[in-house]
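Opening a fresh page for this one. I'll jot down what I look up as I go.

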Amino acid sequence: MSAVLAEAVVPKAAAAAPQQVALVLLGTGVVGGAFLKLLCTPVAKRLHLVGAANSRKQQTEATQLAARDLRERLRREGAPRDDAALLSALDEHHAALKVIVDATASAELASRHADWLARGYHVVTANKSLAGGQLPGWRALQTARAAGGRYGDSATVGAGLPVLSTLRRLCDCGDSLLTLEGVFSGSLSYLFNTYDGSRPFSELLRDARKLGYTEPDPRADLSGEDVARKLLILARNAGFALGSDEVLVESLVPESLRELSTEAFLARLEELDEPLAALHEAARARGQVLRFLARLNQRGRARVGITEVSPTHPAARLYGTDNQFALTTTRYHTQPLVIQGPGAGPEVTAQALLGDILALG
Ligand SMILES: NC(=O)C1=CN([C@@H]2O[C@H](COP(=O)(O)OP(=O)(O)OC[C@H]3O[C@@H](n4cnc5c(N)ncnc54)[C@H](O)[C@@H]3O)[C@@H](O)[C@H]2O)C=CC1
Ligand SMILES: N[C@@H](CC=O)C(=O)O
């Protein structure tokens with residue numbers, strides 16, 4: 001009764017009207033393409049696309065940006081790439097929030113994130129190269145964030161699963177990460193959940209690529225590099241000042257395929273089949289299965305690589321692109337807090353970008 005009375009007499013605080021958002025999209029590939037589709041849905045009506053770019057061309061012209069075939073048009077026509085023109089398009093728009101969305105895998109673009117934040121733009125990214133790269137880059141990012149820049153990074157780990165948000169919330173409450181373990185790659189999860197020796201590994205990898213699960217160059221997945229980046233992002237968010245050279249990374253890419261161009265590598269995928277079949281067979285003979293695991297122990301030692309696990313291991317019970325993050329903390333120490341679900345794919349990743357933009361205000 002008193003609660004009802006209280007509601008009747010206390011005026012509700014007026015909810016702040018959501019702000020208009022101007023945005024520039026860098027990268028119109030698998031994730032960027034899915035993001036463009038989400039921009040056409042009603043939830044995105046206060047978002048205004050004022051610029052879009054791929055690696056070669058860009059567009060800031062309103063009618064071109066509104067075209068349904070913007071990605072194809074960008075491949076054929078558009079102005080040459082020039083960040084300054086994209087930033088001017090943001091500056092000229094009346095929207096209160098100005099956002100740069102990075103849906104590329106470009107380390108060069110990622111190295112500009114901190115500068116963009118310092119200049120008053122918000123950055124929302126699927127690109128892990130800054131936060132999961134060299135330690136000085138991570139530190140520059142923290143400096144820009146401390147000065148008020150807002151950085152939407154949900155898409156960088158678990159393709160938007162609520163992992164980073166949960167970890168930060170625990171840390172804000174004074175909890176501490178003790179250990180971290182799991183499957184952090186959607187494509188490798190898909191590959192090892194599916195591979196049973198009946199179809200060549202290279203065929204499954206081609207499927208994973210077509211479905212939009214792999215990195216632009218799938219060696220970034222197979223080498224463990226992408227998993228290592230996610231491990232670094234999580235560890236650093238939990239206060240471990242880990243350098244990228246401090247993660248022990250076990251690569252699945254044979255030496256002979258490491259230095260090739262992406263195209264040449266894609267033409268020689270069959271060379272992965274024999275070594276992977278041998279690993280699979282050896283594990284099978286011991287009653288085990290293969291999983292690509294990431295681990296951070298209490299002393300800050302980090303390792304990512306292929307591991308044989310028993311069929312009853314939690315990582316052996318995943319499906320599709322499932323990721324699994326097991327967080328043991330000071331307060332979750334008897335059993336870990338486990339976050340699990342699809343960890344790759346254009347739609348979920350694009351949604352993570354959209355969610356971070358809408359959360360800006
Ligand atoms: N595919 C997935 O499930 C997930 C992907 N991500 C991340 O999303 C990012 C994009 O991945 P995809 O869309 O799969 O790659 P993609 O290869 O399909 O697309 C990359 C796009 O970036 C563009 N690009 C490259 N350099 C550029 C530059 N300097 N300026 C403007 N555009 C540039 C390319 O032209 C292309 O349009 C990567 O960082 C990836 O790690 C993150 C979570 C999940
Ligand atoms: N290639 C990545 C995509 C998400 O980050 C993966 O396989 O997990």
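**Leu260 and Ala159**

I started with Leu260, which is partly exposed because 15 other C-beta atoms lie within 10 Å; a buried label needs 20 or more, an exposed one 12 or fewer. Keep in mind that I'm working on a predicted model here.

Where does Leu260 lie? I found Leu260 in the loop between strand S9 (247-249) and helix H14 (262-266). I also checked Leu260 against Ala155: they are 105 residues apart in sequence, and their C-alpha atoms are 28 Å apart in space.

Next I looked up Ala159. Is Ala159 buried or exposed? I get 26 other C-beta atoms within 10 Å, so Ala159 is buried. Ala159 sits in a loop as well, the one between strand S7 (151-152) and helix H9 (164-172). I flagged its backbone too: phi of Ala159 is near 50 degrees, a positive value in a residue other than glycine.

**Ligand 2**

Ala159 turned up again when I listed what surrounds ligand 2. The rest of that shell is Ser185, Gly186, Ser187, Tyr213, Thr214, Glu215, Asp221, Asp226, Gly343 and Ala344. By class I have three nonpolar, five polar and three charged residues around ligand 2.

**Ligand 1**

I then moved to ligand 1, which has 29 residues around it. Which residues are the closest to ligand 1? I noted Gly27, Gly29, Asn54, Ala126 and Pro216. The class split for ligand 1 is 13 nonpolar, 13 polar and three charged. Helix H2 (residues 30-39) gives the most to this shell, with three residues. I also see that the shell around ligand 1 takes at least three residues from each of domain 1 and domain 2.

**Domains**

I pulled up the domain assignment for the protein chain: domain 1 is 21-161 + 347-358, and domain 2 is 164-342. Their centres, taken over C-alpha atoms, are 26 Å apart. The contact takes 18 residues from domain 1 and 20 residues from domain 2. On the domain 1 side of that contact I have nine nonpolar, seven polar and two charged residues.

I put the UniProt record beside this. Its unreviewed entry places "domain: Aspartate/homoserine dehydrogenase NAD-binding" at residues 27-145. Over residues 27-145 I get 44% helix and 18% strand, with the end C-alpha atoms 23 Å apart. The unreviewed entry also places "domain: Homoserine dehydrogenase catalytic" at residues 162-358. For residues 162-358 I get 39% helix and 20% strand, with 16 Å between the end C-alpha atoms.

**The largest nonpolar core**

Last stop was the core. Nonpolar side chains tend to be buried together in soluble globular proteins, so I went looking for the largest such set. How many residues does the largest nonpolar core have? It has 94, and the members touching the most other members are Leu23, Val24, Phe35, Val101, Leu231 and Leu353. Helix H13 (residues 225-237) gives the most to this core, with seven residues. Domain 1 and domain 2 each supply at least three residues to this core.

I followed Leu353 a bit further. Setting aside its neighbours within four places in sequence, I find Leu353 in contact with Phe35, Val101, Ala103, Val124, Ala126 and Ala155. Two names there rang a bell: Ala126 is among the residues closest to ligand 1, and Ala155 is the residue I paired with Leu260 at 28 Å.

Methods: Residues numbered from 1 in each chain as written. Chains lettered and ligands numbered in written order. Predicted model: local features only at pLDDT ≥ 70, side-chain atom pairs only at ≥ 80, totals over all residues. Core = buried A, V, L, I, M, F, W, Y, C linked by C-beta atoms within 7 Å. Helix = DSSP H or I, 4+ residues; strand = E, 2+ residues; numbered from the N terminus. Domains from an automatic or database assignment. Contact = placed C-beta atoms within 7 Å. Near = placed C-beta within 6 Å. Nonpolar A, V, L, I, M, F, W, Y, C, P; charged D, E, K, R; others polar. UniProt positions renumbered as here; feature names shortened; annotations may be inferred.
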